[in-house]
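Here are a few exercises to work through with the model open in your viewer. Try each task before you read its solution.

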Amino acid sequence: MIFPTLDLEQRLWEQGYSHVCGIDEVGRGSFAGPVCVGAVIFPKDFQIIDGLADSKLLKPRQRESLAKDIKSQALGWAVSEIGVAAINKVGIGKASQVAFRKAIKLLSYSPDFVLIDAFYIRHLNRKRQQAVKDGDTICASISAASIIAKVHRDRLMKKLSKKYPRYGFGKHKGYGTKRHQEAIRKYG
């Protein structure tokens, strides 16, 4: 397993940026549920938490534990969500962009530079952001953002599972698994 580093954040801190924010989304490829975006700003003296990794590579208990540690050690963190109605109205791409900007606005500190997993954020100064390929795997703040967003979304999907138990949202979290596709065919 590849573990993320603080190399990108360190380079930006050395250039004078104080509030470097990592951002990642979850739920973009799901069949059901919201798209959620996590945003994390670590302090310059942050030490990488043991086990920090891309949320997709971790077990639920590991994510839950890491999310608590991330939130307690971060200078600032936020999670935004954009619901299904908005996704259906504007499309997943635009909804994700809205969620990115919303997460930034929810932070207690305004970031002076943003690192994003794979995408640029529209309507944000390009000189103050960097899209990082495989960012959730290689960049600590993006990895942390992916974890807090995934924990948040998983909790939402578990609640939705209680309301609609036939679909199994508690297990597949709205992604297009075989079981989910069968439930859609059966129940609509």
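Keep in mind that this is a predicted model.

**Exercise 1. Place S96 in the fold and work out which residues it meets.**

Step 1. Start with the secondary structure: S96 sits in helix α4, which spans residues 92–106.

Step 2. Next, is S96 buried or exposed? Its relative accessibility is 1%, and the cut-off for buried is under 20%, so S96 counts as buried.

Step 3. Now look at the side chain. It reaches the backbone oxygen of I92 at 2.8 Å, and I92 falls within the range of α4, residues 92–106.

Step 4. Finally, skip the neighbours within four places in sequence. What remains in contact with S96 is R28, V35 and V37.

**Exercise 2. Do the same for A99, then find out how far E81 is from it.**

Step 1. A99 also belongs in helix α4.

Step 2. With a relative accessible area of 0%, A99 is buried.

Step 3. Not counting residues up to four places away in sequence, A99 touches V35, V37, S80 and I82. V35 and V37 should ring a bell, as S96 is in contact with them too.

Step 4. Go from C-alpha to C-alpha: A99 and E81 are 6.0 Å apart in space, with their positions 18 residues apart in sequence.

**Exercise 3. Trace the salt bridges around K56.**

Step 1. How many salt bridges does a search of the whole structure find? It turns up 5.

Step 2. One of them pairs D54 with K56, and the closest N and O atoms are 3.2 Å apart. D54 is buried at 5% relative accessible area, whereas K56 is exposed at 60% relative accessibility.

Step 3. K56 has another partner: its side chain meets that of D136 in a salt bridge, 2.7 Å from N to O. What does this pair tie together? D136 lies in helix α5 (residues 135–138) and K56 in the loop between β2 (35–41) and α2 (60–73), so the bridge joins parts that are 80 residues apart in sequence.

Step 4. Check D136 for burial: at a relative accessible area of 5%, D136 is buried.

Step 5. Put the pieces together, and you get a network of salt bridges linking D54, K56 and D136.

**Exercise 4. Explain what the bridge between R63 and D154 connects.**

Step 1. Begin with the distance: the closest N and O atoms of R63 and D154 are 3.4 Å apart.

Step 2. R63 is in helix α2 and D154 in helix α6 (residues 140–163), so the pair ties together parts that are 91 residues apart in sequence.

Step 3. Are these two residues buried or exposed? Both R63 and D154 are buried.

**Exercise 5. Map the nonpolar cores, then look for a nonpolar patch on the surface.**

Step 1. The largest nonpolar core holds 32 residues, and V40, F42, I70, L115 and I147 have the most contacts inside it.

Step 2. Which elements each supply at least two residues of this core? They are α1, β1 (20–26), β2, α2, β4 (113–117) and α6. The largest share is that of α6, with 8 residues.

Step 3. Zoom in on I147. Leaving aside neighbours within four places in sequence, its contacts are L52, A53, S55, L58, R63, L66, A67 and I70. R63 is the residue that forms a salt bridge with D154.

Step 4. Apart from the largest core lies another one, of 18 residues, including V35, V37, I87 and A103.

Step 5. Now turn to the surface, where M1, F3 and L57 form a nonpolar patch with about 340 Å² of accessible area together. F3 comes from the segment before α1 (7–14), and at 47% relative accessibility F3 counts as partly exposed.

**Exercise 6. Examine the backbone of A118 and H123.**

Step 1. Recall the background: most residues other than glycine have a negative phi.

Step 2. Now the phi values. A118 has a positive phi of about 75°, and H123 has a positive phi of about 65°. A118 is not a glycine, and neither is H123.

Step 3. Where do they sit? A118 is in the loop between β4 and β5 (129–132), and H123 is found in the loop between β4 and β5 as well.

Step 4. Round off with accessibility: H123 is exposed, at a relative accessible area of 72%.

Note on methods:
Residues are numbered from 1 along each chain as its sequence is written. This is a predicted model: local features need pLDDT of at least 70, side-chain atom pairs count only at pLDDT 80 or more; totals for chains, interfaces and linings use all residues. Side-chain values use heavy atoms; hydrogens and water are left out. Helices (H or I, at least four residues) and strands (E, at least two) are DSSP runs, numbered from the N terminus. Buried means under 20% relative accessible area, exposed over 50%, partly exposed in between (1.4 Å probe, protein chains only). A polar contact is a pair of N or O atoms within 3.5 Å; within protein, one must be able to donate a hydrogen and the other to accept it, and residues adjacent in sequence count only if both atoms are side-chain atoms. Contact means heavy atoms within 4.5 Å. A salt bridge is a side-chain nitrogen of Lys or Arg within 4 Å of a carboxyl oxygen of Asp or Glu. Patches are made of residues with over 30% relative accessible area and no salt bridge: like charges are joined within 9 Å, nonpolar side chains (Val, Leu, Ile, Met, Phe, Trp, Tyr) within 5 Å. Accessible areas come from the Shrake-Rupley method with a 1.4 Å probe; for residues, only the protein chains shown count as cover. A nonpolar core is a set of buried Ala, Val, Leu, Ile, Met, Phe, Trp, Tyr and Cys residues joined through side-chain atoms within 4.5 Å.
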